[in-house]
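Please take me through this structure stop by stop, telling me what to select next in the viewer and what can be found there.

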Amino acid sequence: MSALLSDRRAVLLLGLLAVLVVAPLGAGDYLLSILITILLQAYLGMAWNVMMGFAGQFSLGHALYVGLGAYAGGALFVHFGTPPLIGAMAGMLVSAVAGTIIGALGFRFKVMGVYFALLTIAFAEFVRVLFDHWGWVGASSGLFLPVSNRATDDIWMLRGSATMFYYVILGMAALGFAFSRSLLRRRIGYYWQAIREDQEAADALGIDVFRLKMIAVVISASMTSLGGLFIAFYNNNLYPESIFSMHRSIELMLGTIIGGIGTLFGPILGAVVLTALGEILTIAGNAIGIDGIKQIAYGVCLMAILILKPGGLWPWLRQRFGLEGGAR
Amino acid sequence: MDATFFLNVTSGGLLTGLVYGLMALGLSVIFGVMRVVNFAHGDMMVVAMYAAFLLFTKLGIEPVPALPLVAGGLFVFGYLLQRFLINRFLGVTEHIQFLLLLSIAMIITNGLLMVFGPDARNIQLDASFESYSIGPLVLDKVRVIAAITAGGVAALLWAFFRYTTTGTAIRACADNPVGARVVGLDVEKLYAVTFGIGAACVGAAGCLLLLLMDVHPHLSSDYTLLGFIIVILGGLGSLGGALLGGILVGLSEALSGVLIAPSLKSMFSFGLLILVLLLRPHGILGKKP
């Protein structure tokens with residue numbers, strides 16, 4: 001215990017968790033919705049981080065797995081009343097299969113770097129158009145989950161108040177963090193990092209590069225699909241146009257890159273910074289009275305972070321405040 | 001469906017495809033020399049379309065005569081962008097480069113939204129309603145003009161890279177940046193010129209596309225993706241490949257639009273992209289790396 005607590009990062013983490021657990025007591029609706037946005041973004045960033053940050057495979061099409069998870073859970077719920085937990089398994093399975101197909105094709109045919117990223121976009125867009133024409137899930141006019149009485153929380157069916165959704169996503173983010181941490185400290189994490197740094201060298205050392213990259217894709221895809229399921233039940237509506245869009249893929253990775261790719265805290269820090277920035281700019285934009293200014297300022301801030309801290313904010317903060325130690 | 005109708009759709013797609021090809025040419029030049037993937041390409045295209053729109057509505061200059069102006073403007077924009085911003089990011093990993101260009105794209109698109117609003121705009125020339133008929137074939141006049149001009153600009157570009165000293169120097173940078181520096185070339189400046197040329201191609205393509213289609217700010221990411229599909233089909237870095245890819249995409253869009261369903265046409269383009277990436281990642285005319 002003392003060994004754990006002597007680590008300043010552990011203190012930071014436990015403090016953060018404690019604050020987040022009691023947060024709904026003091027937070028109003030607005031703050032709660034922002035916290036949900038942050039945690040969702042952090043969770044999705046962690047999922048993307050497994051593939052890109054740990055194993056070095058650049059995916060620009062993660063909206064595909066978000067969409068598959070959302071539609072699997074949502075459509076089963078709408079048509080058969082299937083509990084989200086079962087829908088989640090279906091979504092993870094479908095996403096894992098999709099990831100396996102894309103990964104197997106891409107890695108076998110040696111599609112690398114930018115080309116691999118474009119391949120992932122192409123699959124996501126392909127599936128988006130497919131869902132746009134698939135009547136069973138509502139096609140382009142969307143799929144709507146019945147909104148029931150929000151006075152009672154039904155965690156089994158994921159129908160209830162914002163507070164319930166808050167604890168669900170908090171749990172997901174905490175588990176996602178713990179899972180990422182354990183992956184990184186296991187043998188597989190070291191193998192992934194070896195592949196990320198130099199694939200040929202890793203191959204020469206006898207690491208089964210293809211298999212390990214496939215595992216990274218499958219884990220990342222399944223994790224992402226759970227985030228999609230959450231979006232489906234939280235928003236109660238699904239449109240292929242938005243759930244599979246390239247903008248979602250970009251948004252999903254933005255926080256992690258800003259926060260620090262390949263790190264454990266990066267996705268969380270990035271989600272906080274970007275969401276806060278977005279909210280502040282919205283308020284400032286409203287005050288000035290020009291709508292579009294928000295996105296422009298967002299772009300400028302993004303550019304500034306890239307120029308000043310291209311490695312991400314977390315590695316820099318970690319160094320500044322002496323939070324180094326152990327594996328990330 | 002009779003043969004004449006089919007012939008008309010095919011030729012229309014082919015002509016539009018040449019304009020697409022010119023747009024993709026810009027992307028191909030930028031990638032071929034600097035290895036920078038320009039994710040703001042579609043945004044630059046939309047900027048050019050709006051510039052041509054303004055020149056026509058405010059000053060009465062038609063898109064074809066406005067082309068040198070718009071292309072020149074985008075050249076300056078591209079030159080400055082590369083010189084002061086992107087050159088600093090040449091050594092870094094691709095996802096950082098990607099985000100940089102994305103932030104540029106975000107600023108451009110939202111700037112356009114602020115100035116012009118989300119509505120679609122188009123222009124109407126006298127020529128918009130005229131057509132040429134050759135036997136059973138009916139071709140829109142503006143489409144023919146756009147395609148011929150696009151072909152002309154592409155030919156100019158080819159001659160530039162082939163016969164001028166600057167063009168040769170840029171090719172040297174593409175082949176071997178270190179060697180180019182050793183023999184005393186100002187690589188940074190040549191990169192800036194290259195990005196300028198790539199931007200000018202998009203500028204020209206934007207003017208011509210305004211003759212054929214509406215413009216609104218949200219088109220930008222569609223055009224960026226379209227550009228990628230085209231250059232990868234034809235082969236990144238290959239000039240002829242970009243034009244060929246453009247024509248193929250123009251044809252597939254036109255044909256799938258009438259044969260299957262207009263809303264499915266992008267699925268065909270993406271399906272084609274997946275196939276080419278897997279089976280022939282260097283494209284149809286590209287060289288094997």
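In which helix of chain A does A:Ala96 lie? Select A:Ala96 and you will find it in helix 5 of chain A, where helices (H or I, at least four residues) and strands (E, at least two) are DSSP runs numbered from the N terminus.

Before going further, note that this is a predicted model, in which local features need pLDDT of at least 70 and side-chain atom pairs count only at pLDDT 80 or more, while totals for chains, interfaces and linings use all residues. Residues are numbered from 1 along each chain as its sequence is written, chains are lettered from A and ligands numbered from 1 in the order in which they are written, and side-chain values use heavy atoms, with hydrogens and water left out.

**Around helix 5 of chain A**

Stay with A:Ala96, which is buried at a relative accessible area of 14%; buried means under 20% relative accessible area, exposed over 50%, and partly exposed in between, with a 1.4 Å probe and protein chains only. Leaving aside neighbours within four places in sequence, A:Ala96 is in contact with A:Val218 and A:Ser222, contact meaning heavy atoms within 4.5 Å. If you also select A:Ala63, you can see two residues that are 33 apart in sequence and 14 Å apart in space, C-alpha to C-alpha.

Next, select A:Thr82, in the loop between helix 4 (63-80) and helix 5 of chain A. A:Thr82 counts as buried, at 14% relative accessibility, and, with neighbours within four places in sequence left aside, it is in contact with A:Leu76, A:Phe77 and A:Gly87. A polar atom of the side chain of A:Thr82 lies 3.2 Å from the backbone oxygen of A:Leu76.

Now move to A:Lys110, whose place is in the loop between helix 5 and helix 6 of chain A. Is A:Lys110 buried or exposed? A:Lys110 counts as exposed, with 62% relative accessibility, and its phi is near 55 degrees, a positive value in a residue other than glycine. Most residues other than glycine have a negative phi.

**Helix 6 and the interface**

Select helix 6 of chain A, which has 20 residues and reaches 29 Å from its first C-alpha to its last, close to the 28 Å expected at 1.5 Å a residue; the expected span is 1.5 Å times one less than the number of residues. Of its 20 residues 16 are buried, so helix 6 of chain A is largely enclosed by the rest of the structure.

Then show both chains together: 40 residues of chain A are in contact with 37 residues of chain B. About 3600 Å² is buried between chain A and chain B, with carbon and sulfur atoms giving 86% of that area, where buried area is the accessible area (1.4 Å probe) that two parts lose on being put together, summed over both. On the side of chain A that touches chain B, helix 5 (84-108), helix 6 (113-132), helix 12 and helix 14 of chain A each supply at least two residues. The largest share of that side, twelve residues, comes from helix 6 of chain A.

**Helix 13 of chain A**

Select residues 266-288 of chain A, which form helix 13, with 23 residues and a reach of 32 Å from first C-alpha to last, close to the 33 Å expected. Its buried residues include A:Gly270, A:Leu274, A:Leu277 and A:Leu281. Among the elements that cover the buried residues of helix 13 are helix 3 (29-54), helix 7 (162-185) and helix 14 (293-308) of chain A. Just after helix 13 of chain A comes A:Gly289, with a positive phi near 90 degrees.

**Across to chain B**

Select B:Arg35, in the loop between helix 1 (3-34) and helix 2 of chain B. B:Arg35 is exposed, at a relative accessible area of 53%, and its phi is near 60 degrees, a positive value in a residue other than glycine.

B:His41 is in helix 2 (residues 41-59) of chain B and is buried, with a relative accessible area of 0%. Leaving aside neighbours within four places in sequence, the residues in contact with B:His41 include B:Met23, B:Leu27, B:Val202 and B:Thr224.

For the last stop, select strand 1 (residues 131-134) and strand 2 (residues 137-140) of chain B, which pair in the antiparallel sense over four bridges; strands pair if DSSP finds at least two bridges between them. B:Tyr132 stands opposite B:Leu139 in strand 2 of chain B. Two residues lie between the strands of this hairpin, in which B:Gly135 takes a positive phi near 60 degrees.

Conventions
Polar contact = N/O pair within 3.5 Å; in protein donor to acceptor, adjacent residues only side chain to side chain.
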